[in-house]
Every structure is written in C-alpha cells, then in structure tokens.
Amino acid sequence: SPQTVPYGGDGSAVTAVPAPGHYFVEWSDSETANPRTDLTVTVNISVTAVFAFGTDREGDIDGDDDVDLADAIAGLKLLAGIPPASVNLGADVSEDGRIGLEEVIFALQKVAELR
C-alpha cells in the first residue's frame, strides 16, 4: 500500500499478507521484518513483498503442513536429481537457501521424535 511520509517522518506499519499456500520470505530490499515500519524517512522508498510457495515449516519439504517420512523421501529425491511433485523452500533448516541433506536428516529426526 502506498503511503506518503513527510521528510524525516516515520512511516506506518505495513504487513505483507501471503495468499493461501504461500509464505512471506522478505521484502525486495532484503528486510525481513513483517510488519515493517520505516523510520526517519529521508528518501523515496519502493519495496515489494517476496513470497514463496508452501509453508515456512522447517523440514516440511513437500509442503503438506506435516513433517513426516514423505518429506525425507522428497529430499532424497532432490539429492538424487529426481524432482519430487512439489518442494517447499520454507523447509530449509540450515538457512542456506536450498533443500539438502540437512533437511532430510531433520525430517528423519522429527519422524523418530528426536526433535
């Protein structure tokens, strides 16, 4: 939502609301606060919310809102070069921007109730 803020003034809070089946990742300027409030504004700012498909639930590789054996299998398929039906990048537990062995191990630990 556009807003006009006087020079040196504070903006009002803006909340990025994802569509169903998506989650908020960050703003286009890499800010991750949501809602965000820009303070002491002295230049024009234009940002866009960035969303991703799926949930932000760690370990939920297949994006079905449940961390289970199917997630470990989906992660192993990715590692083997076999694309699974869907991939939820919000499942990234290592925060390296990809789904890999760390996420497979995390999902297996959840299944074994070690986490």
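Asp38 comes out partly exposed in this predicted model, with a relative accessible area of 23%. That puts it just past the cut-off, since buried means under 20%. The side chain of Asp38 meets that of Arg36 in a salt bridge, at 2.8 Å from N to O. Arg36 has a second acidic partner in Asp29, and here the closest N and O atoms are 3.0 Å apart. Asp29 is partly exposed too, at 39% relative accessible area. Arg36, on the other hand, is buried, with a value of 6%. So the arginine in this group sits below the 20% limit for buried residues, while Asp29 and Asp38 are each partly exposed.

The rest of the salt-bridge tally is quickly told. The count comes to three, and the remaining pair is Asp96 with Arg98, whose closest N and O atoms lie 3.5 Å apart. With a 4 Å limit on the N to O distance, this pair still qualifies as a salt bridge. Both partners are partly exposed, Asp96 at 36% relative accessibility and Arg98 at 47%. As for shared partners, Asp29, Arg36 and Asp38 are joined by their salt bridges into one network.

The loop between β1 (22-27) and β2 (49-53) also has some backbone features to look at. Pro35 is located there, and the peptide bond leading into Pro35 from Asn34 is cis, with omega near 10 degrees. Ser30, in the loop between β1 and β2 as well, has a positive phi near 75 degrees despite not being a glycine. Thr40 belongs to that loop too, and its phi, near 50 degrees, is again positive in a residue other than glycine. Thr40 counts as exposed, at 52% relative accessibility; the cut-off for that label is over 50%, so Thr40 clears it by little. For context, most residues other than glycine have a negative phi, and most peptide bonds are trans.

Zooming out, the protein has two helices and two strands, and from the N terminus on they run β-β-α-α. How does the radius of gyration of the protein stand against that of a compact globule of 115 residues? The globule would come out near 13 Å, but the protein has 18 Å. The box filled by the C-alpha atoms, taken along the principal axes, is roughly 55 × 25 × 25 Å. Of the 115 residues, 27% count as buried. Among contacts with a separation of 6 or more, 52% come from residues 24 or more positions apart.

On to the helices. Which residues of α1 are buried? They are Asp71, Ala72, Ala74 and Gly75. Viewed down the axis of α1, these buried residues fall within an arc of 160 degrees, so they line one face of the helix. The spacing fits the usual helix geometry: an α-helix has 3.6 residues a turn, so residues three or four places apart point the same way. What the buried residues of α1 pack against is α2. After α1 comes Gly81, with a positive phi near 85 degrees.

The loop between α1 and α2 holds two residues worth a closer look. Ala85 is one residue of that loop, and with a relative accessible area of 90% it is exposed. The C-alpha atom of Ala85 is nonetheless separated by 7.7 Å from that of Asp62, 23 residues apart along the chain.

The other is Asp92, in the loop between α1 (69-79) and α2 (101-111). Asp92 is buried yet makes no salt bridge. Where is the nearest side chain of opposite charge to Asp92? It belongs to Arg98, 7.7 Å away, and a salt bridge would need a nitrogen to oxygen distance within 4 Å, so the pair does not count. Arg98 is instead paired with Asp96. What the side chain of Asp92 does reach is the backbone nitrogen of Ser94, at 3.2 Å. Apart from its neighbours within four places in sequence, Asp92 is in contact with Glu58, Gly97, Arg98, Ile99 and Glu103. Arg98 thus turns up as a contact of Asp92, although no salt bridge links the two.

Key: Residues are numbered from 1 along each chain as its sequence is written. This is a predicted model: local features need pLDDT of at least 70, side-chain atom pairs count only at pLDDT 80 or more; totals for chains, interfaces and linings use all residues. Side-chain values use heavy atoms; hydrogens and water are left out. Helices (H or I, at least four residues) and strands (E, at least two) are DSSP runs, numbered from the N terminus. Buried means under 20% relative accessible area, exposed over 50%, partly exposed in between (1.4 Å probe, protein chains only). Lys and Arg count as positive and Asp and Glu as negative; His and the chain ends are not counted. A polar contact is a pair of N or O atoms within 3.5 Å; within protein, one must be able to donate a hydrogen and the other to accept it, and residues adjacent in sequence count only if both atoms are side-chain atoms. Contact means heavy atoms within 4.5 Å. The arc is that of the directions from the helix axis to the C-beta atoms. The radius of gyration is taken over C-alpha atoms; the globule rule is 2.2 Å times the number of residues to the power 0.38.
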